[in-house]
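Have the sequence and the 3D view open while you read. We'll wander through a handful of contacts and stop at the residues that make them.

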Amino acid sequence: MFPIRTAERLVYVRFPFLSRHLATKPSGAKNDTTPATNNLKQSISYDVSNKQKLYLTDPISPGSIFFLPNGTKIFNKLIQFMKQQQGRLKFGYQEVITPLIFKKSLWEQSGHWENYKDDMFKVEGTDASKEIYGLKPMNCPGHCVIYNRFDHSYNELPLRYSDFSPLHRNEASGALSGLTRVRKFHQDDGHIFCTKEQVESEILNCLKLVDLCYGKVFKFNKDPTTNYSINLSTRPKDHYIGELETWNHAEGVLKNVLEKSGKKWQLNEGDGAFYGPKLDIMVPDHTGKSHQVATIQLDFQLPIRFNLKYKDRDNTQKTPIMIHRAVFGSVERFLALLIDHYKGKWPFWLNPYQAMIIPINTKDSNQIEACQRLKKQLAGENELEDDTDLTPIPLNNFRFNVDVDERSEPLGYRIKDAILKHYSYLIIVGEDEVKTGKYSIRTRDDRKLDHLTGKEIYDMFSILERNYK
């Protein structure tokens, strides 16, 4: 058994290179030679996903992502983050869950069948009527159905719905590409039903949520003064619904909001949605190329098509205005941008590899037991709990992604392997740790060792997670 001083010498002296960023193919990874994935081999997202086992694609379901356990952890953290932000009183979204499939008549009413049916998946029923259905490519008609089921007054507005249901769009097979061009995807979708007087304040509020996301947590741009850029996308030349006068008014409203916000923007003529103009939020990748993430769309058309009403102060029935917005946009495409940005070295709160516990002597049962107890503690479980009398884990408990490397390999090899996999923290457990209850812990990028108790490590990890670090 090595005393902890010996472990430190192994880290500092025999393996001084271990904290460098190294990229090697993980042992046991298979070469994927399917046509659907050959085009992705040179991409960063495909390379990182292979090494960290985040997701895969398969010709059996073109354009659909198989999220593996590690990728699912990141995906769920992103959704959890956005649900937390949208639910705060400042933004006030109420989450709903809507069906994936609707009758053709709904899509005809919304205008999608006329303007978007070639990009939709159609499903034929097996009953006698052989009615045609469509897999939803977006959530807005479903939210209109919810709004229309109840009577509304002006003092209920703005009414804000959020929805994370999967969407399907029939992209051409030749255009499919990894996470960025898919047929099945998820959006942090939201729709606001408001009065004409509330439109400007609601759009400005949407921009505050964008600022919160891209200015304080996901900083793609090295220049903090330009975290993102804005495109004002106007009426398409064809395939649009509504009157020109209404379109011109909607575009004027968005221009006025942009002027009041003081943000830089540029005109993107003819790239609006078929039902209204929009603001597209653009962020750069590592090459400087811009990609759309968030979008804020102003819609005067769908409320009219669905005959949506609210009772105003004067007891007259008026039509609300609808704002479509998403902050991540496609979560799959957003994840591709994050992979490109972090290149596998995830911040702690997103990392599927948060900590690796490494016993110095894998034949020492005391060290192995100490490692397992610490893993259980960092997973938010009672390390002293009897398996025959389990108690529920609290809903708001922090649970960290922690592994134990008990392989019969040299200590230096296991440390190196954990660093190559980009574990955020390495925790070394030797004879002294077992005696004192203080564990040697280091980051993947810094060879300096700290000595902390299990509770101190849990508290440190909790602060990192709570602050999105």
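What follows is an informal tour of rings, charges, cysteines and a bit of surface.

Before anything else, keep in mind that this is a predicted model.

**Rings that meet**

Let's start with the aromatic side chains, where the count comes to 27 aromatic pairs. One of them joins Phe81 and Trp349, whose ring centres are 5.9 Å apart. The planes of Phe81 and Trp349 make an angle of 45°, and that is why the pair is called tilted: it falls between the cut-offs of 30 and 60 degrees.

Where do Phe81 and Trp349 lie? Phe81 is in helix 4, which covers residues 69-87, while Trp349 is in the loop between helix 11 (331-342) and strand 17 (355-359). These parts are 268 residues apart in sequence, so the ring pair ties them together. And are Phe81 and Trp349 buried or exposed? Both are buried.

Phe81 and Trp349 also belong to a wider group. Ring pairs link them into a cluster with Tyr214, Phe218, Phe220, Phe328, Phe334 and Tyr468.

Now look at another pair, Tyr240 and Trp247, which is edge-to-face. Here the centres are 5.9 Å apart and the planes stand at 80°. The two partners have their own levels of cover. Trp247 has a relative accessible area of 1%, so it counts as buried, whereas Tyr240, at 26%, is partly exposed.

**Charges over rings**

Tyr240 has one more contact to show you. The charged end of Arg235 sits over the ring of Tyr240, 5.0 Å from the ring centre. So what does Tyr240 touch, taking these contacts together? Its ring pairs with Trp247 and has the charged end of Arg235 over it.

A similar arrangement turns up at Tyr93. Arg325 lies over the face of the Tyr93 ring, at 4.6 Å from the centre.

**Salt bridges**

How many salt bridges are there? The count comes to 20. Here are three of them, with the N to O distance and the relative accessible area of each partner.

| Salt bridge | N to O distance | Accessibility of the acid | Accessibility of the base |
|---|---|---|---|
| Glu200 and Lys260 | 2.7 Å | Glu200: 23%, partly exposed | Lys260: 53%, exposed |
| Asp405 and Arg407 | 2.8 Å | Asp405: 5%, buried | Arg407: 35%, partly exposed |
| Asp445 and Arg444 | 3.8 Å | Asp445: 45%, partly exposed | Arg444: 10%, buried |

The bridge between Glu200 and Lys260 deserves a second look. Glu200 lies in helix 8 (residues 199-216) and Lys260 in helix 9 (residues 244-261). Those parts are 60 residues apart in sequence, so the salt bridge ties them together.

Asp445 and Arg444 meet at 3.8 Å, N to O. That still counts as a salt bridge because the cut-off is 4 Å. In this bridge, Asp445 is partly exposed and Arg444 is buried.

Some salt bridges share partners, and in that way Asp405, Arg407, Asp417 and Lys421 are joined into one network. Within that network, Asp405 is buried and Arg407 is partly exposed.

**Cysteines**

How many disulfides does the structure hold? Zero. Take Cys194 as an example: the nearest cysteine sulfur is that of Cys206, 9.1 Å away. A disulfide needs the two sulfur atoms to be within 2.5 Å, so Cys194 is in none. Cys194 is buried, with a relative accessible area of 0%. Cys213 counts as buried too, at 1%.

**A nonpolar patch and one last residue**

Out on the surface, which residues make the nonpolar patch of about 300 Å²? They are Leu56, Ile60 and Phe66. Phe66 has its place in strand 2, residues 66-67. With a relative accessible area of 36%, Phe66 is partly exposed, and being over the 30% cut-off, it can therefore count towards a patch.

Finally, find Gln377 in helix 12, which covers residues 365-378. Gln377 has a relative accessibility of 19%; buried means under 20%, so Gln377 counts as buried. From Gln377 to Phe400 it is 23 residues in sequence and 9.3 Å in space, C-alpha to C-alpha.

Definitions and conventions. Residues numbered from 1 in each chain as written. Predicted model: local features only at pLDDT ≥ 70, side-chain atom pairs only at ≥ 80, totals over all residues. Heavy atoms only, no water. Patch = residues over 30% accessible without salt bridge, like charges linked within 9 Å, V, L, I, M, F, W, Y side chains within 5 Å. Areas by Shrake-Rupley, 256 points an atom, 1.4 Å probe, with all protein chains shown as cover. Salt bridge = Lys/Arg side-chain N within 4 Å of Asp/Glu carboxyl O. Helix = DSSP H or I, 4+ residues; strand = E, 2+ residues; numbered from the N terminus. Buried < 20%, exposed > 50% of the residue type's maximum accessible area, 1.4 Å probe, protein only. Phe/Tyr/Trp six-rings, centres within 6.5 Å; stacked < 30°, edge-to-face > 60°. Lys NZ or Arg CZ within 6 Å of the ring centre and 35° of its normal.
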